[in-house]
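Ready for a short walk through this structure? Open your viewer, keep the selection tool handy, and follow along stop by stop.

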Amino acid sequence: MTTPGTDSQPVDVPEPVAETLRTPFDTVLSDPIRLRLQAALHGLPAGGSVTFTALRKTLRLSDGNLAAHLAVLVDAGYAASTATWHGKRRTTRYAATLAGRAAFETHVQALEAVIAVARPHPLEPEL
Amino acid sequence: MTGESEPGRSTGRPRPASPAAAAADTLRDLHAIGGRSRRAATRDTLAIPLAIWGTAWIAGYALLDLAPWRTAIPAGAALAVAAGAGTWLSRLHPAVLSGWERRTRLGWAALMLSSPFLVASVSPVPGRTLAVFLGALWGVGILLFAIAGGDLPLGVVGAVTVLAAGFCRQVLPHHALFGFGLCAGGAMLFLGGWRLCGPALRDRLPFGS
């Protein structure tokens, strides 16, 4: 595949990178807050979970903002929530689903592809 | 100034120079967030238990070494119960779960339940030798737990515990218990304290983290 370079010259792009670039970015994860949320969930070991409060503190988000973005991730099937009760206190935990982990990894690969394309070719003289 | 808006300066906020730079910034941010989550699920959860057990080991082994056994054994048992209760309380409503909690509890239960049989297999042995032997056995438990969880500093604590057991028995024959408790408990207390206070201390350092 060839893509236009910065000075309109075609740039050779390896086929795996080109394939990644042809795939559109995930619209759910294109939002920076949701992407950071998914990163926080992805960082947990498989089977791990985190409370709403801990996510709010880690990412420094307001309750409303966090709840809205988490709802989008849950609706998309990228995160799963479970609620537990301790007396009258309700605790909601969130975990990344397999689909969410796969979508996040694909998104990260797409970002890496963007960087790889911009990197100067080793034999190409830098102007 | 010509009146034309300069890229990256027009809004007053620094903006990445290109999509690739923006992607690199995003990836760095994502790696940092993922790393924080991993640490919160594994290393940070052990901070309070390590500090509690480190203190209990230092005090308990000092008691066994310096106090009469009639007093030291019940006091040591009370310290162990208090440390166990403290660990349980610290994990009563955890903010982050690793998903390995049940297997970890089962692993430690297996080690604790097998300890009397291991003691029986080497008995009769003097009480002082037995106390160091049990500490070394639990040190192996810490080491294996650290290897399974990929926690290098905890692995060092486990290794220090095992090495201190052998070293103190040979070098400090009369105060092996005290020396062992100080080395192993001190390592646990240091790591637990560092994980509790380290982030705050690093933020205060003039040269940053």
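**A sheet that crosses chains**

Begin with Ser49(A), which stands opposite Leu97(B) in S1(B). Bear in mind as you go that this model is predicted. Now widen the selection to strand S3 (residues 49-51) of chain A, which pairs with S1(B) in the antiparallel sense over 2 bridges. Show the whole open sheet next: 4 strands in the order S4(A)-S5(A)-S3(A)-S1(B), with antiparallel pairing. At its edges you will find strand S4 (79-86) of chain A and strand S1 (96-97) of chain B, each paired on one side only.

**Over the sheet and into the core**

Add helix H2 (residues 32-42) of chain A, which lies across S3, S4 and S5 of that chain and runs at about 90° to S5(A). Then pick Leu41(A) and Leu55(A): among the 34 residues of the largest nonpolar core, these two touch the most other members. Chain B takes part as well, since helix H1 (19-41) of chain B is one of the elements giving two or more residues to this core. Zoom in on Leu55(A), whose contacts include Leu37(A), Leu41(A), Val50(A) and Tyr94(A).

**Where the chains meet**

Finally, select the contact itself: 22 residues from chain B and 26 residues from chain A. The buried area is about 1900 Å², and carbon and sulfur atoms give 68% of it. Highlight Leu27(B), Leu30(B) and Ile33(B), which supply 26% of the area that chain B buries against chain A, more than any other three residues. For a polar last stop, find the side chains of Asp29(B) and Arg36(A), which meet in a salt bridge (2.7 Å, N to O).

How values were computed:
Residues are numbered from 1 along each chain as its sequence is written. Chains are lettered from A and ligands numbered from 1 in the order in which they are written. This is a predicted model: local features need pLDDT of at least 70, side-chain atom pairs count only at pLDDT 80 or more; totals for chains, interfaces and linings use all residues. Side-chain values use heavy atoms; hydrogens and water are left out. Two strands pair if DSSP finds at least two bridges between them. Contact means heavy atoms within 4.5 Å. Axes are lines fitted to C-alpha atoms, for helices over the stretch in contact, and angles run from 0 to 180 degrees between N-to-C directions. A nonpolar core is a set of buried Ala, Val, Leu, Ile, Met, Phe, Trp, Tyr and Cys residues joined through side-chain atoms within 4.5 Å. Buried means under 20% relative accessible area, exposed over 50%, partly exposed in between (1.4 Å probe, protein chains only). Buried area is the accessible area (1.4 Å probe) that two parts lose on being put together, summed over both. A salt bridge is a side-chain nitrogen of Lys or Arg within 4 Å of a carboxyl oxygen of Asp or Glu. Lists of a residue's contacts leave out its neighbours within four places in sequence.
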